[in-house]
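Q: Could we go through this model together? I should like to begin with the helix packing and then turn to the sheet.

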Amino acid sequence: MASAPTHARGASPDGRRGALARPKLLTPHEYIADATHRIHAAKHRVLITTLTIADDHRTDTLIDALVWAARRGVKVGVAADTFTYADLAGTFLPTGYRTTAWRTSNRLASKLAREGVAFSWLGREQGLPWRGRTHTKFCVVDDVVYAFGGVNLDRKGVENADFMLRIDDARLADDIEGVYGRIQRMNLHERGHRSLELRYGTDRVLVDGGIPGDSIIYRRALHHARKADRILLMSQYCPTGELGKVIRERDHELWFNPPRNAAPANRALIASSMMWTGYRTQYADPRYLHAKAIVFFRSNGTRISMTGSHNWVVGGVKLGTREIALETRDPATVDQVLEFHAREVARTLTD
């Protein structure tokens, strides 16, 4: 299903505006520290969407900052997926409402709500655990956006090999606030929305709205893969579906978790995907790889990166997972992604 670009005030007829401010790539620890500092200084809005959230020693300073911002009268909204229950329980299968994980998660939700934070759970607690998930991760603090990476707000999320991009751009912050509101409305009605494309010069922000089979992120990755001569991919998982087939036909490097890195359910998923596709991973570090990025190289020197929450697997597309990604040709941004790969992902090959 094709999606029309979103047109904003001041945009040209094709929906383009000036390029985004240049991103700064942050590791999970840097992201939490930077966001916490800015939330303490926030003046008018803090908005967070995440797959999982927990108040523990890795995130307690950020949770406290949210509370203090709400007490100062800042508009603070937090939306987390009910997958948090299952994640805290160490399993993909939610076992019902009255589990220890459920009680722990809802104590945090209640704490934030008491302090004036508008907290909401996204998705259902029961049913197929992968269906209808909000896998989108972002944080808006006034006119600063942290997004286009995979960091979840819990201990595991902070300790993974991962990153977020920080972009100081008021237009993007306003647009992401719009995405936040759309997710809330669609969640209320238990529906998805069509994919969105937001253009800023040659940069594109891509939003999967949760309609099964409709993923602009996967489509754009497939489009670039078909034109690429070489592809470097980082993800939790090996690529599947048509994208996986196209990557196989190009010179490629695949960096994803070997099964031994994962918990039982994920281990089985990775092992079955490897068996089905025949792919092998170059990733050898015992730390869990959670970063999601593809860099496409063309023979004319063009380099395009796509980073965000999408794992480049077709299963999430079919199940209607909400995702977000940044597509850019900015050389400095692509360089940061490649530097992260060399420093955090490929490091065991040179250590």
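Q: How are helices H7 and H8 oriented relative to each other?
A: This is a predicted model. In it, helix H7 (residues 216-227) packs against helix H8 (residues 241-248) at an angle of about 15°. Angles under 35 degrees count as roughly parallel, and H7 and H8 are therefore roughly parallel to each other.

Q: How far apart are their axes?
A: The axes of H7 and H8 are 9 Å apart.

Q: And is the crossing left-handed or right-handed?
A: The crossing of H7 and H8 is left-handed.

Q: Which residues meet there?
A: From H7, Tyr218, Ala221, Leu222, Ala225 and Arg226 take part. Their counterparts in H8 are Gly241, Glu242, Leu243, Gly244 and Val246.

Q: How do the residues of that contact divide by character?
A: Six are nonpolar, two are polar and two are charged.

Q: Turning to the sheet, what is the strand order?
A: The seven strands form an open sheet in the order E1-E7-E6-E5-E2-E3-E4, and the pairing is mixed.

Q: Why do E1 and E4 each have one side without a neighbour?
A: E1 (24-26) and E4 stand at the edges of the sheet and have a single partner strand each, so one side of each lacks a neighbour in the sheet. From one strand to the next, the twist averages 15°.

Q: What is the pairing at the E1 end?
A: E1 pairs with strand E7 (residues 164-168) in the antiparallel sense, over three bridges. Lys24 has Arg166 in E7 as its bridge partner.

Q: And how do E3 and E4 run, parallel or antiparallel?
A: Strand E3 (residues 75-81) and E4 run parallel and are joined by five bridges. Val78 stands opposite Phe119 in E4.

Q: Is E4 mostly covered or mostly open?
A: Strand E4 (residues 118-122) is mostly covered, with four of its five residues buried.

Q: Which strands does helix H2 lie across?
A: Helix H2 (residues 60-71) lies across strand E2 (45-50) and E3, and runs at about 140° to E3.

Q: Ala65 is in that helix. Is Ala65 buried or exposed?
A: Ala65 counts as buried because its relative accessibility is 0%, and the cut-off for buried is under 20%.

Q: What does Ala65 touch beyond its sequence neighbours?
A: Leaving aside neighbours within four places in sequence, Ala65 is in contact with Thr36, Ile39 and His40.

Q: How far is Ala65 from Ala35?
A: Ala65 and Ala35 are 30 residues apart in sequence, and their C-alpha atoms are 9.2 Å apart in space.

Conventions. Residues are numbered from 1 along each chain as its sequence is written. This is a predicted model: local features need pLDDT of at least 70, side-chain atom pairs count only at pLDDT 80 or more; totals for chains, interfaces and linings use all residues. Side-chain values use heavy atoms; hydrogens and water are left out. Buried means under 20% relative accessible area, exposed over 50%, partly exposed in between (1.4 Å probe, protein chains only). Helices (H or I, at least four residues) and strands (E, at least two) are DSSP runs, numbered from the N terminus. Two strands pair if DSSP finds at least two bridges between them. Axes are lines fitted to C-alpha atoms, for helices over the stretch in contact, and angles run from 0 to 180 degrees between N-to-C directions. Contact means heavy atoms within 4.5 Å. Angles under 35 degrees count as roughly parallel, over 145 as roughly antiparallel, 65 to 115 as roughly perpendicular and the rest as oblique. A crossing is left-handed if the near helix is turned anticlockwise from the far one by less than a right angle, and right-handed if clockwise. Ala, Val, Leu, Ile, Met, Phe, Trp, Tyr, Cys and Pro count as nonpolar, Asp, Glu, Lys and Arg as charged, and the others, Gly among them, as polar.
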